[in-house]
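Biologist: Could you take me through one part of this one up close, and then move outward from there? One connected answer is fine, as long as you keep telling me where we are.

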Amino acid sequence: MTNPRILGTGIAEGLLLKPVTYPWALDLYNQAVANTWFPHEVQLGEDLADFARLTDEERHAVTHLMSYFNPNELLVNKALAFGVYPYVNAAECHLYLAKQMWEEANHCMAFEYVLETFPIDRKAAYASHITVPSMAAKEEFEVKFIRRMTEQTLDINTVEGKRDFVRNLVAYNVILEGIWFYSGFMVALSFRQRNLLRNFASLIDWIVRDESLHLNFGINLILTVLEENPEVASDEFAEEIRSMVLDAVEMEEAYNRDLLPNGILGLNADYINQYVKYLADRRLEELGFEPEYGVTNPAKWMATANDTLQLVNFFESINTSYEVDARSSH
Amino acid sequence: MTTIHVIKRDGTAVPYDGYEIARSIETAARGLDDSMARAVQIQSELEITLFDRMTTEQLDEAVIQVALQNVKEDPAFDTIAARLAVKGLYKRVFGATDDLFGDGSPDTIVALHRSRFDSYIHAGVSAGLLDARLAGTFRLDELAAALDPRRDDLLHYIGVATMRTRYLLTTAPNAAGARHPIEVPQFFWMRVAMGLSLNEADPSTAAIDFYHRMSRLEYLAAGSTLVNAGTAHPQLSNCFVMQTEDDIEHIAKSVRDVMWLTKGTGGIGLSMTKLRSEGSPIHSNNTASTGPIPFMHTIDSTLRAISRGGKKFGALCFYMENWHLDFAQFLDLRQNSGDPYRRTRTANTAVWISDEFMKRVRDDSPWYLFDPLDTPDLVELYGSAFSARYAEYVALAEAGKMPRYTMVRAREQFRSILVSLQTTSHPWLTWKDTINTRALNDNTGTIHLSNLCTEICLPQDRDNVAVCNLASINLSRHLQGAGADAVIDWERLRDSTRAAVRQLDNLIDVTLSSVPESQTSNTANRAIGLGVMGFTDIVERCGHAYDSEPAYDLIDEVMEFISYHAIDASADLARDRGAYPNFAGSGWSKGLVPIDTLDALARDRDVAVEVPRTMRLDWDVLRAKVTGGVRNATLLAIAPTASIGLVAGTTPGLDPRFAQLFSRATSAGKFLEVNPNLVADLKKLGLWDEVKEDLLAAQGDVSCIDAIPGHLRDVYRTSFQLSPYAFINVAARAQKWIDQAISRNIYLADRSVQGMAALYLKAWEMGVKTTYYLHMMPRHTAEQSTVRVNKAEKIRPGNAESTTSRPARHGFGFSGATLRSAPASVTPVVVRPLLESSVSVGVEVGVADGAACPTDPQELLQCESCQ
């Protein structure tokens with residue numbers, strides 16, 4: 001038996017799915033397919049009335065979130081296309097990545113759908129990721145890792161090449177999707193706890209469900225690369241990765257102060273940033289580090305919003321738990 | 001932190017006063033365990049959410065939200081939130097008081113209720129919100145004296161929130177679009193009771209009686225009645241049942257009627273079976289029909305355009321028989337992809353299934369689909385007469401004499417129905433022959449469909465839009481004691497049943513219909529449907545498992561009792577007020593009661609109805625009595641009670657606990673619900689604090705929490721752990737006694753379509769008339785936020801024996817620089833390829849699969865046998 005290698009460059013490899021080397025990737029692919037949804041399944045009519053009733057700062061917060069999510073879903077796709085897909089050999093991973101890329105596109109279209117429906121200044125919203133410094137900083141942080149692949153040559157057979165691969169994965173998967181997006185999801189879902197923007201929250205439910213799989217895949221991929229290539233994770237490199245996460249928390253703190261300069265019912269910037277630190281600790285632990293911040297989760301209500309099975313009064317709310325592709329046997 | 005200012009209602013800013021908040025929370029926590037500690041906790045969690053210049057209303061709401069986020073720790077927090085929310089209603093209706101939360105003294109609250117009731121009624125009438133008769137018909141002082149605000153403490157938070165968003169009468173919207181309630185909960189109950197007593201000889205006495213029963217939550221009227229009773233728009237009926245005829249005038253009229261009925265807040269069942277199929281000839285202009293599908297889309301759109309009673313969007317269920325040539329397209333109506341003009345995003349769908357089809361599935365025979373233009377009499381036939389006529393059409397088709405038809409394997413179509421059901425939860429399966437053959441109201445035509453919630457069985461035609469009027473008895477308010485000592489309070493149950501029947505009968509004389517055809521039907525049939533809620537609640541308190549013989553016997557006995565007394569009450573009303581106009585020729589007039597129709601069904605379909613026939617009461621007396629007249633064409637139906645069950649604070653209808661801890665998404669928001677019976681039982685054993693964290697991690701499934709004793713794990717099995725046959729058994733035992741039907745929700749963990757086929761065949765065999773939503777257990781849910789999650793640490797049950805081994809390390813964990821306690825040796829984990837294995841492990845939460853090694857690297861790290 002030869003040692004499997006999840007990384008590689010040869011396009012000749014990875015053209016046959018069977019035998020499956022990494023069954024976890026195929027499982028994730030199957031679940032991702034079952035999770036397929038479309039933005040138009042959600043009607044936003046009732047949310048429009050809610051949006052009109054929001055305070056100025058609440059409207060600002062929703063707009064700020066959309067302005068950030070919308071371009072960054074596509075940024076994730078670039079990271080996948082340029083930084084992950086070309087360097088992975090296993091066909092089952094390619095299948096999953098293809099589905100994930102469609103999901104990122106679908107998320108972008110979901111935010112477009114909301115942007116086009118809500119009375120939001122779209123021009124300003126589209127410009128924010130450049131004009132708002134805290135947003136631009138996060139974007140620049142991400143883009144610099146993709147540049148390593150797009151503007152320079154990366155040799156995946158070298159230790160340094162593999163490290164660049166891991167850096168990029170940590171940057172977009174663990175940090176962007178696993179920390180930054182998750183803090184935004186919490187803010188977005190908080191409106192539903194006050195019985196506002198319920199249908200928008202249904203879209204977020206679906207997006208979170210997808211993102212949970214993305215994160216699962218990304219962390220599995222990182223762990224597998226590190227296990228197959230023990231030379232990659234030197235002390236120095238480990239410290240670098242850890243610093244990346246800590247830097248990301250600082251950038252997110254600045255961003256959240258712009259998101260909520262004063263506060264809205266149930267939330268202020270300090271509160272969100274405690275949640276960010278809580279998330280960062282979780283991601284650090286999943287990567288094998290000790291936690292940094294040791295804070296508690298301030299948003300206990302996320303147990304209701306996200307952690308439990310939900311029973312839907314289907315005349316009043318959209319059921320986001322359904323899956324496609326029933327099978328006649330298994 | 002900088003000083004926080006709070007903006008009061010008058011616009012002035014005052015510094016945030018922690019002492020005042022603390023006092024208010026303590027008041028709301030009075031009488032609860034650990035009330036001081038809970039108040040301190042809420043206050044400290046509140047203070048991290050504050051921001052400068054928040055309004056007093058925002059502050060009030062923030063306190064409630066903070067209390068609610070702790071419900072997973074203890075249901076006592078729900079009580080605190082509910083009391084604070086009720087207090088908010090007091091403040092809104094009775095006016096602002098000198099501090100942020102008003103005066104909490106119970107005596108003051110009672111006095112305010114009594115002194116303000118009269119002005120509430122008169123102001124409501126002047127504003128055109130209340131029925132003008134409320135001011136002149138009643139002895140208002142007597143009614144005011146009956147008000148008992150202590151009963152507000154019976155409400156859970158979700159009950160208050162539901163009441164607030166759905167039922168309480170509000171002002172017209174102000175400039176900011178906000179509507180404010182003009183009634184507190186006890187005013188609301190009294191308003192509904194008054195609205196249902198207007199036709200009584202002594203309206204005040206009747207209203208006080210209905211008020212006491214509803215405010216004690218012993219039974220509740222259904223949604224539309226709670227919204228509109230006593231108001232200037234008394235559209236009180238709940239369900240409307242109609243069928244579109246195969247002509248363009250009537251299609252247009254159906255669209256119109258759907259709009260009017262929706263505006264009046266009713267739910268609608270609409271059969272489209274009669275419409276000729278796509279491509280069928282239209283002789284008037286020599287073209288071809290587009291079939292029923294585009295019209296269903298048109299009607300679907302109108303549901304979104306008209307909001308129901310101004311409070312939520314319209315709700316409708318399309319019915320179609322599965323021999324219709326366009327049935328395959330009907331199955332696609334709820335798909336989330338495809339041509340949007342051939343989809344119904346809002347409307348639900350149900351299939352109206354014959355015994356003939358079920359037998360063909362059983363026998364693996366072919367199934368023929370026809371154009372209703374060629375087979376116009378099939379919709380009017382049922383049972384063996386349908387089978388005979390269907391066979392003739394099949395023979396014509398096989399002889400080449402049928403212009404248009406297709407043939408499929410019956411099993412293939414059944415499979416398509418079930419696959420659609422699993423992926424979209426539609427269409428619901430309903431059995432037309434069980435319904436029609438068992439009907440006692442069979443003298444006024446064929447029943448062509450059920451209603452929005454599949455519990456109504458009423459005939460309709462071009463001149464009659466069938467109407468039903470619903471109420472539900474809250475079983476949990478009729479059980480005394482706990483465990484082995486638990487007993488039903490039969491006397492109270494009888495009184496509740498009789499009062500509810502009288503109240504429903506009154507409704508028919510008070511209600512105004514928005515469509516003349518429904519007024520006709522309501523007057524001629526006086527159909528009502530009394531049901532129950534709280535079944536699981538009482539089963540748990542008796543210490544039974546939902547899927548046990550004692551539980552099945554309990555529902556059997558309770559429904560026999562309610563059925564008996566409902567029929568008896570209706571027969572008494574007939575003596576007093578006269579039988580319903582269409583009584584002559586009905587099953588009742590022949591001395592039949594619901595249980596008598598079971599054998600007729602078995603004979604007609606020649607398939608046994610597998611359900612015990614035990615009778616505990618003297619039905620012969622009642623058989624004789626009903627020949628002298630009953631007041632109502634139908635009496636019993638078990639509705640879903642998805643909303644009123646929340647106000648009643650109990651489990652809806654016959655539903656099991658969805659999970660012991662779960663979230664509920666409604667139009668009032670998303671709420672965490674933890675089973676108070678389970679918490680009470682665990683507290684008695686001193687186990688609650690130990691297991692509550694595990695309960696959340698396990699998403700409310702106690703079966704995998706070893707610390708909980710086995711018998712409690714049996715009693716508290718949840719929807720997805722129960723055998724789905726339990727839902728069928730409970731429904732079949734209740735259905736014996738019910739002349740209409742049951743909104744039977746089904747919950748399934750297993751996605752095998754063969755398993756579903758066996759289950760639904762069994763439901764038909766056992767005489768279940770209808771099924772309702774199918775809830776599938778999600779295989780994958782989002783990563784939990786409030787539970788400590790490290791995907792790499794998940795210990796798999798199969799490896800329990802190796803807990804003494806060192807903890808696994810992974811990722812960057814071997815790097816000494818980043819670990820506080822570096823391990824002595826470094827052993828990178830090798831991912832073992834499981835080429836030969838196709839076992840599926842991975843993303844499921846809490847899957848116990850000890851036999852196979854995990855393939856997920858995050859889990860593999862924990863599998864000792866792989867290392």
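**A close look, starting from A:Glu104**

Modeller: A:Glu104 counts as buried because 24 C-beta neighbours lie inside 10 Å, and the cut-off for that label is 20 or more. Keep in mind that this is a predicted model. The residue is part of helix α4 of chain A, which covers residues 91-117. Leaving out residues up to four places away in sequence, A:Glu104 touches A:Glu73, A:Leu74, A:Val76 and A:Asn77.

What makes A:Glu104 a handy starting point is the record. An unreviewed UniProt entry lists A:Glu73, A:Glu104 and A:His107 under "binding site". Those residues are spread over 35 residues of sequence but cluster in space, with a largest C-alpha distance of 6.7 Å. A:His107 is on helix α4 of chain A too. In general, an α-helix has 3.6 residues a turn, so residues three or four places apart point the same way. A:His107 is buried, because 25 other C-beta atoms sit within 10 Å. With residues up to four places away in sequence again left out, A:His107 touches A:Glu73 and A:Ile207. So A:Glu73 is a contact of A:Glu104 and of A:His107.

Now the second group. The "binding site" annotation, again from an unreviewed UniProt entry, also covers A:Glu104, A:Glu177, A:Glu211 and A:His214. These span 111 residues in sequence, yet no two of their C-alpha atoms are more than 10.8 Å apart, so they gather at one spot. A:Glu104 therefore turns up in the first listing and again in the second.

Where does A:His214 sit? Look in helix α8 of chain A. A:His214 counts as buried because of its 24 C-beta neighbours inside 10 Å. Its contacts, not counting residues up to four places away in sequence, are A:Gln100, A:Asn173 and A:Glu177. One of those, A:Glu177, is in the second listing as well.

Helix α8 of chain A deserves a moment. It runs over residues 198-228, has 31 residues and reaches 45 Å from first C-alpha to last, close to the 45 Å expected at 1.5 Å a residue. α8(A) is mostly covered, with 30 of its 31 residues buried. Elsewhere in chain A, the unreviewed UniProt entry gives residues 169-191 as a "transmembrane region". In the model that span is 100% helix and 0% strand, and its end C-alpha atoms lie 31 Å apart.

From here we can step out to where chain A meets chain B in a sheet. That sheet is open, has three strands with mixed pairing, and is ordered β1(A)-β20(B)-β21(B). β1 (310-312) of chain A and β21 (669-674) of chain B stand at the edges; each has a single partner strand, so one side of each is left without a neighbour in the sheet. On average, and ignoring direction, neighbouring strands here are turned by 30° against each other. The pairing of β20 (residues 661-666) with β21(B) is antiparallel, over six bridges, and B:Phe662 stands opposite B:Glu673 in β21(B).

Further along chain B, try strand β12, residues 348-353. Six of its six residues are buried, so the strand is largely enclosed by the rest of the structure. B:Asn348, B:Ala350 and B:Trp352 point one way, while B:Thr349, B:Val351 and B:Ile353 point the other. β12(B) pairs in the parallel sense with β11 (residues 316-321) of chain B over five bridges, and it is joined by four bridges to β15 (residues 428-431) of chain B, also running parallel. B:Ala350 is a good residue to click on: it is the bridge partner of B:Tyr319, and its own partner in β15(B) is B:Trp428.

Last stop, a helix pair in chain B. The axes of α17 (residues 410-424) and α30 (residues 753-765) come within 10 Å and cross at roughly 105°, which means α17(B) and α30(B) are roughly perpendicular. On the α17(B) side the contact is made by B:Phe414, B:Arg415, B:Leu418, B:Val419 and B:Gln422, and on the α30(B) side by B:Val753, B:Met756 and B:Ala757.

Definitions and conventions. Residues are numbered from 1 along each chain as its sequence is written. Chains are lettered from A and ligands numbered from 1 in the order in which they are written. This is a predicted model: local features need pLDDT of at least 70, side-chain atom pairs count only at pLDDT 80 or more; totals for chains, interfaces and linings use all residues. UniProt positions are given in the numbering used here, feature names are shortened, and annotations may be inferred rather than shown by experiment. Helices (H or I, at least four residues) and strands (E, at least two) are DSSP runs, numbered from the N terminus. The expected span of a helix is 1.5 Å times one less than its number of residues. A residue is buried if 20 or more other C-beta atoms lie within 10 Å of its own, exposed if 12 or fewer, and partly exposed in between; C-beta atoms are placed from the backbone. Two residues are in contact if their C-beta atoms, placed from the backbone, lie within 7 Å. Two strands pair if DSSP finds at least two bridges between them. Axes are lines fitted to C-alpha atoms, for helices over the stretch in contact, and angles run from 0 to 180 degrees between N-to-C directions. Angles under 35 degrees count as roughly parallel, over 145 as roughly antiparallel, 65 to 115 as roughly perpendicular and the rest as oblique.
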